[in-house]
Amino acid sequence: MVVKKKEVTVTVPVVKAPKWLQGFVDFVREQGVVGLAVGLVLGVAAKSVVDSLVTNIFNPLIGLVGGGGSLDSKYVCLKEVGDACQNKLGYGSVLGDLLSFVIVAAVVYFVVKGLKLDKLDKKKES
């Protein structure tokens, strides 16, 4: 049995934007704003994964090497009242956030280099 397939062509009408909005539409088309938005959403999703990795894996390991406990619990006591610390300078959280930033920056760098995306932005020399 032979089945013939029919090709169907669908024509989508091009809607012309009003004059006052045409500049914005041209900007979105020419500047790649949609690609930028997609990259931003993916970057935010990747950041949450990296934050979880740093918080749940790296911070406890670094804290273990640094004397026990999580990195987030590391602080310098600025003012003691009796046996309790009243003012803390929590350097562990800052180090954890810095580690997250370095990991995200390294991933972005290697993705851009690996996919050779840096060459797409260079303008053609005449």
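**Reading a hairpin, a disulfide and a patch**

Mentor: Let's start with a bond you can find by eye: a disulfide joins Cys77 to Cys85, with the sulfurs 2.2 Å apart. Keep in mind that this is a predicted model.

Trainee: How do I decide that two cysteines count as a disulfide, and how many are there here?

Mentor: The general idea is a distance test: the two cysteine sulfur atoms have to lie within 2.5 Å of each other. Cys77 and Cys85, at 2.2 Å from S to S, pass it. By that rule the count comes to one disulfide.

Trainee: Is the disulfide of Cys77 and Cys85 right-handed or left-handed?

Mentor: You read that from the torsion about the S-S bond. For Cys77 and Cys85 the torsion is about 115°, so the disulfide is right-handed.

Trainee: Okay, zooming out. Which elements does the protein have, and in what order do they run?

Mentor: Walk along the chain from the N terminus and the pattern is α-α-β-β-α. That makes three helices and two strands.

Trainee: How do strand 1 and strand 2 pair, in the parallel or the antiparallel sense?

Mentor: For pairing, you look for bridges between the strands. Strand 1 (residues 76–81) and strand 2 (residues 84–89) pair in the antiparallel sense over five bridges. They form a hairpin with two residues between them. Look at Gly82 in the turn too, as Gly82 has a positive phi of about 70°.

Trainee: Where does Cys77 sit, and which residue stands opposite it in strand 2?

Mentor: Cys77 is in strand 1, and Lys88 of strand 2 stands opposite Cys77. This pair shows how sequence and space can tell you separate things: Cys77 and Lys88 are 11 residues apart in sequence, yet 4.7 Å apart in space, C-alpha to C-alpha.

Trainee: What is Cys77 in contact with, once I leave aside neighbours within four places in sequence?

Mentor: Cys85 and Asn87. So the disulfide partner turns up in that contact list as well.

Trainee: Is Cys77 buried or exposed?

Mentor: Here a cut-off helps: under 20% relative accessible area is buried, over 50% is exposed, and in between is partly exposed. Cys77 has 29% relative accessibility, so Cys77 counts as partly exposed. Now try Leu78, which also lies in strand 1. With a relative accessible area of 58%, Leu78 is exposed.

Trainee: Why might neighbours in a strand point to opposite faces?

Mentor: In a regular strand the side chains alternate between the two faces of the sheet.

Trainee: Which nonpolar patch does Leu78 belong to?

Mentor: A surface patch is a group of nonpolar side chains you can trace on the outside. Here Val76, Leu78, Leu89, Tyr91, Leu95, Leu98, Phe101 and Val102 make one of about 770 Å². Strand 1 and helix 3 (91–114) each supply at least two of its residues. The largest share, five residues, comes from helix 3.

Trainee: What about charged pairs: how many salt bridges does a search of the whole structure find?

Mentor: One. The idea is to look for oppositely charged side chains that meet, and here Asp51 and Lys47 do so at 2.5 Å, N to O. They are four residues apart in helix 2 (residues 33–65), so about one helical turn separates them. Asp51 is partly exposed at 23%, and Lys47 is partly exposed at 42%.

Trainee: And how much of the whole protein is buried?

Mentor: Of the 126 residues, 10% count as buried. The accessible surface comes to about 11,200 Å², and 66% of it belongs to carbon and sulfur atoms.

Conventions
Residues are numbered from 1 along each chain as its sequence is written. This is a predicted model: local features need pLDDT of at least 70, side-chain atom pairs count only at pLDDT 80 or more; totals for chains, interfaces and linings use all residues. Side-chain values use heavy atoms; hydrogens and water are left out. Two strands pair if DSSP finds at least two bridges between them. Buried means under 20% relative accessible area, exposed over 50%, partly exposed in between (1.4 Å probe, protein chains only). Patches are made of residues with over 30% relative accessible area and no salt bridge: like charges are joined within 9 Å, nonpolar side chains (Val, Leu, Ile, Met, Phe, Trp, Tyr) within 5 Å. Accessible areas come from the Shrake-Rupley method with a 1.4 Å probe; for residues, only the protein chains shown count as cover. A salt bridge is a side-chain nitrogen of Lys or Arg within 4 Å of a carboxyl oxygen of Asp or Glu. Contact means heavy atoms within 4.5 Å.
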